[in-house]
Every structure is written in C-alpha cells, then in structure tokens.
Amino acid sequence: MNDAVSIVKCSDYEYDRVRGAVKESIDLLGGMTQLVKPGQRVLLKLNLLTAAPPEKAVTTHPAVVLALSELVREAGGRPLVADSPGPIPYTQAGLKRAYKAAGLLELAEAGGFELNWDTSVQWLSFAGGKTIKRIEVMSPVIESDVIIAVPKLKTHMFTTFTGAAKILFGVIPGLAKAGYHAKLQSSEQFADMLLDIILAVKPALFVMDGVLALEGDGPGLHGIPRPLGIVMASRDPIAIDAIACDIININPLDVPMLSAALDRGMWNGKLDKLPVVGALPPEVAVQDFKKPSRVARDARGLDRLARYQRVWAPVVKQSLTPRPVPDKEKCSGCATCYTTCPQGAVTISKGRAFINDRACIRCYCCHEMCPEAAIELKFSLPGRIIRRFGLLGR
C-alpha cells in the first residue's frame with residue numbers, strides 16, 4: 001500500500017472536519033505512527049508561494065497545518081512548520097510577513113505549532129541528480145528526521161499543474177530560486193531539476209490540500225479559488241499528482257514533471273495502475289475545472305521546436321512568446337518583481353515596474369509572484385498572428 005493514493009471528502013475548513021479528513025487520509029495509508037517515531041523532528045513543508053491570505057487558495061490552509069501538527073505530536077514527533085516563499089527574502093522579517101498573511105502566525109502564537117525562524121542554509125549533495133548534484137536548501141531540511149510535504153492543489157501557467165512534485169522547489173531558500181530559473185530555462189530541464197530535488201530530499205509523505213483548490217492562471221493571485229472538497233495523501237508524489245490531475249480533467253502527461261517521471265521510469269504513465277483508497281476519482285471529479293492559459297508553457301517550449309525552427313526562434317523570441325507587462329493601474333512599485341527576476345530585467349521608477357523585454361528570459365517569475373496580480377502576459381501583433389494561425393503547432 002506504500003504507493004497508494006488516498007482521497008477523503010472534506011467540504012470546508014471547519015477544523016474538526018479538516019482534522020478528521022487529514023487523519024483518515026493518512027490512516028488509509030497505514031497511519032502516522034508508521035512514518036513518525038517518538039522524539040523525531042518532523043518538518044511540515046508547506047506551500048507558501050507568497051504572502052497571500054488562505055481564502056485566495058494560493059497557500060496551504062492553516063487548518064490543514066494545525067491538523068497535521070496535532071497528528072505528528074500524537075505519534076510522539078516534534079513538528080516544525082516551514083517554507084521559503086519565492087519572492088520574499090529568506091529573513092525572519094520575510095518569514096513573518098508570509099506566516100502572518102497565510103494565517104499561520106496567530107495559530108503558532110496560540111501554541112498550535114512551531115514555526116521555523118532559522119534562516120541558515122546548507123548544501124545537500126545528490127550524486128544521482130540528472131540536472132543538479134548539489135542543492136542549497138534551508139537548514140530544517142537537513143536537520144529533520146522526517147519530512148512531510150503539504151502542497152496545495154493548483155493549476156500553474158508554466159507547468160499546467162502544481163502539487164506534490166513541485167512543492168519541494170520551496171526548500172531552496174528565498175531568492176536563490178531565481179538562479180535555477182535562469183539556468184534551467186526549458187520546461188524539461190526544470191522538471192528534471194524538480195524530480196532531482198524530490199529524490200534528494202526524500203519526503204516520507206505528501207498530504208494535498210484540495211478543499212479549496214485554485215483553477216485558471218495559477219499558481220498565484222491570477223488564479224481563481226474553486227471549492228473541490230478533498231484531502232489527498234500518498235507516499236508517492238508522482239502518483240498523487242497524476243490522480244489529482246485526473247480529478248480536475250488535466251492530462252497528467254501535459255504536466256512536465258509527470259512526463260519527465262515517465263521518461264525516468266518513476267511511473268508507467270497509466271492511471272488505472274495507480275492504487276486509490278478512500279473515495280474514488282469519479283466520485284470527486286470536476287470536468288469543468290478551468291485550465292491555465294498555455295502562453296507560459298508554450299513560451300518555455302521553444303526547445304522542443306524542429307531544428308530549422310530553433311535557428312530562427314531565438315531571433316524572434318519577442319514575437320513568438322508573450323512578454324510580461326506591468327499594469328500601471330495595479331502596480332504598486334513594491335519591487336517584488338525586481339527582487340525575483342533572475343536576469344535583472346526589471347527596474348522600478350517613479351513607483352512603477354518596468355521590464356526590459358530584450359533581457360527577459362520568459363521565466364515569468366514576476367507574473368507568478370506579483371502580490372497585486374499586476375503583471376500581464378501579452379503577445380506582440382506578430383505573435384498573435386502566429387498563434388492565431390497555429391504556425392508553431394502544438
């Protein structure tokens with residue numbers, strides 16, 4: 001049953017209901033005591049993409065975090081809640097801002113759980129990595145005995161879906177993530193890097209918050225909260241993501257991480273071979289779940305073009321890919337895009353962001369991380385024409 005995916009219905013975030021659903025999802029896999037032994041330090045690695053409130057469905061809900069913390073303590077473990085949000089400096093002030101916005105700080109101060117304030121980093125070596133052999137991670141990753149990842153069920157403009165396979169990108173501290181975006185610019189390279197991190201960190205369990213999911217142009221504030229009413233759990237990040245995709249009517253092989261996992265022999269690509277316990281996918285499926293627009297994924301897919309196309313694609317990148325454009329009415333000049341841009345393509349002038357299109361590598365970190373949802377993705381006129389007539393194919 002180690003590779004099984006559990007699905008439990010949970011209609012809302014009323015705490016007793018959430019706790020019951022989280023406990024049942026883990027009990028269906030053998031229970032928390034199979035994973036956590038007395039005295040062990042247990043890292044609960046959340047999804048705190050940015051400083052966003054729980055009702056935006058961008059971050060792991062605090063009720064799920066509290067439930068997991070209590071279950072870990074009941075098993076004799078010592079839970080520590082942690083993450084390193086992408087656009088926020090990995091400092092205590094930055095963490096406080098993220099924790100407070102996500103509704104975690106108040107619960108922690110009331111004794112619900114312990115939050116991580118250690119902003120030191122360490123290196124994790126992984127000789128078997130395909131794209132990376134040495135990873136800079138936040139210290140709790142190294143110092144914990146057990147790691148439980150707690151992703152949010154969301155769509156993603158770049159990877160189509162984000163859940164268990166992508167959540168561990170957050171173990172890389174703060175703004176250091178930008179360097180990985182700059183180095184690994186294709187979706188295939190980025191996906192292999194995420195799989196390398198999973199294999200290096202080795203989480204014992206994944207518990208996915210799908211009570212309130214995010215559809216549309218996620219994973220940030222451009223997405224739309226959508227009640228889905230489920231909690232999922234598995235020891236296998238590929239299996240849980242594949243089943244989650246099936247539930248929201250996304251082809252798992254449209255997700256770069258799951259496609260890369262197939263190529264690396266981490267699963268066989270067949271949904272009907274993945275064991276499911278609890279509720280069955282058809283019972284909770286949503287056929288009209290809004291998928292992300294594909295502009296970001298298409299833009300990062302230039303490496304998949306035919307050889308003759310690769311010759312001219314870099315020359316006309318500005319036409320073939322959407323460019324991030326700050327909305328002057330929404331932009332507050334907060335400089336989040338400036339700090340997260342791996343290429344230094346953003347400047348702040350007169351309280352507003354400006355993006356140098358020639359320097360932009362189309363990683364879309366600015367679009368994903370903007371706390372005001374002020375970065376739009378727009379094609380030039382030639383780009384709109386090319387897409388309109390399908391000249392690049394699909």
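User: What relative accessible area does Cys366 have?
Analyst: Bear in mind that this is a predicted model: local features need pLDDT of at least 70, side-chain atom pairs count only at pLDDT 80 or more, and totals for chains, interfaces and linings use all residues. Residues are numbered from 1 along each chain as its sequence is written, and side-chain values use heavy atoms, with hydrogens and water left out. Buried means under 20% relative accessible area, exposed over 50% and partly exposed in between (1.4 Å probe, protein chains only). Cys366 counts as buried, with a relative accessible area of 11%.

User: How far from Cys366 is the nearest cysteine sulfur?
Analyst: A disulfide here is a pair of cysteine sulfur atoms within 2.5 Å, and searching the whole structure turns up zero of them. Cys366 is in no disulfide, and the nearest cysteine sulfur, that of Cys360, sits at 6.3 Å.

User: Which helix gives the most residues to the largest nonpolar core?
Analyst: A nonpolar core is a set of buried Ala, Val, Leu, Ile, Met, Phe, Trp, Tyr and Cys residues joined through side-chain atoms within 4.5 Å. The largest one has 112 residues, and Ile148, Leu153, Ile197 and Met232 have the most contacts inside it. With nine residues (187-201 is its full run), the top contributor to this core is helix 8.

User: Which residue in helix 8 pairs with Arg264?
Analyst: A salt bridge needs a side-chain nitrogen of Lys or Arg within 4 Å of a carboxyl oxygen of Asp or Glu. Arg264 meets its partner's side chain at 2.9 Å, N to O. Arg264 sits in the loop between helix 10 (256-263) and strand 12 (276-278), so the pair ties together parts 72 residues apart in sequence, the helix 8 end being Asp192.

User: Which residue of strand 8 does Asp209 pair with?
Analyst: The two side chains meet in a salt bridge at 2.8 Å, N to O. Asp209 lies in strand 10 (residues 205-216) and its partner in strand 8 (residues 152-156), so the pair ties together parts 57 residues apart in sequence. Asp209 is buried, and so is its partner, Lys152.

User: How wide an arc do the buried residues of helix 3 cover around the axis?
Analyst: Helices (H or I, at least four residues) and strands (E, at least two) are DSSP runs, numbered from the N terminus, and the arc is that of the directions from the helix axis to the C-beta atoms. In helix 3 (residues 92-101), the buried residues are Gly94, Leu95, Ala98 and Tyr99. They end up on the same side of helix 3 because their arc is only 130°.
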